[in-house]
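Student: I would like a close look at a single part of this model, taken slowly and set against the protein around it. Could you go through one packing contact for me?

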Amino acid sequence: MLLKPPMDVVDELLDNTLTASDKASAALLHIIYIDWGKNICFHMLLPLYAAFMAPVSAKKPIACILMLNALWALFVAHGLASPTHMDKPYPERLYANPMVVAICGGNIAALLLGIMCLRSSKAKRA
């Protein structure tokens with residue numbers, strides 16, 4: 001799935017419901033590529049920067065930003081806006097896709113644990 005072009009991945013996630021005209025849509029391609037680029041930059045490069053290059057004082061804010069983004073993705077994309085489960089109550093919609101809950105929830109738990117365990121640079125010197 002990671003090696004496929006973004007439009008093919010989106011089509012697969014939507015159970016192959018995109019038509020040929022949908023796949024050729026310049027607006028849809030533009031949106032998908034921007035979103036893919038944002039996700040690569042935001043969710044891959046920012047944590048790598050925080051892990052290896054950022055000062056300790058910047059690690060907690062970066063982790064908080066990533067954690068809030070994961071919470072938002074979990075709440076909106078798989079709770080409020082689940083197109084195949086809109087007739088169900090919110091908790092059922094939220095857990096309709098357990099992989100998303102595991103991925104977003106695992107990310108949130110790991111970031112929260114990292115925030116709680118990260119010592120400030122002043123505490124290390126003492």
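Tutor: What follows is a walk through one contact between two helices, with the rest of the protein as its setting. The model is a predicted one, and the protein in it has 7 helices and 0 strands, so that the order of elements from the N terminus on is simply α-α-α-α-α-α-α.

The part to look at is the place where helix 1, residues 6-13, packs on helix 3, residues 26-52, with the two axes 10 Å apart and at an angle of about 95°. Since angles from 65 to 115 degrees are counted as roughly perpendicular, helix 1 and helix 3 are therefore roughly perpendicular to each other. From helix 1 the contact draws on Pro-6, Met-7, Val-9 and Val-10, and these meet Leu-28, Leu-29, Ile-32, Tyr-33 and Trp-36 of helix 3. Sorted by class, the residues of this contact come to 9 nonpolar, with no polar and no charged ones.

Within that contact, Pro-6 repays a closer look, and Pro-6 itself lies in helix 1. Its relative accessible area is 10%, and because buried means under 20%, Pro-6 counts as buried. Once neighbours within four places in sequence are left aside, Pro-6 is in contact with Ile-32, Tyr-33 and Trp-36, three residues that also appear on the helix 3 side of the packing. Taking Ile-32 as one of these partners, Pro-6 and Ile-32 stand 26 residues apart in sequence, while their C-alpha atoms are 6.8 Å apart in space.

That pair can be set beside the protein as a whole, where, among contacts between residues at least 6 apart in sequence, 43% join residues at least 24 apart. Of the 126 residues of the protein, 20% count as buried, and the accessible surface comes to about 9,000 Å², with 71% of that surface belonging to carbon and sulfur atoms.

Elsewhere in the protein, the largest nonpolar core has 14 residues, and the members that touch the most others are Ile-62, Met-67, Leu-74, Ile-108 and Leu-111. Helix 4 (56-80) and helix 6 (98-117) each supply at least two residues of this core. Met-67 can serve as an example, since, apart from neighbours within four places in sequence, Met-67 is in contact with Ile-108, Leu-111, Leu-112 and Ile-115.

Methods:
Residues are numbered from 1 along each chain as its sequence is written. This is a predicted model: local features need pLDDT of at least 70, side-chain atom pairs count only at pLDDT 80 or more; totals for chains, interfaces and linings use all residues. Side-chain values use heavy atoms; hydrogens and water are left out. Axes are lines fitted to C-alpha atoms, for helices over the stretch in contact, and angles run from 0 to 180 degrees between N-to-C directions. Helices (H or I, at least four residues) and strands (E, at least two) are DSSP runs, numbered from the N terminus. Angles under 35 degrees count as roughly parallel, over 145 as roughly antiparallel, 65 to 115 as roughly perpendicular and the rest as oblique. Contact means heavy atoms within 4.5 Å. Ala, Val, Leu, Ile, Met, Phe, Trp, Tyr, Cys and Pro count as nonpolar, Asp, Glu, Lys and Arg as charged, and the others, Gly among them, as polar. Buried means under 20% relative accessible area, exposed over 50%, partly exposed in between (1.4 Å probe, protein chains only). Accessible areas come from the Shrake-Rupley method with a 1.4 Å probe; for residues, only the protein chains shown count as cover. A nonpolar core is a set of buried Ala, Val, Leu, Ile, Met, Phe, Trp, Tyr and Cys residues joined through side-chain atoms within 4.5 Å.
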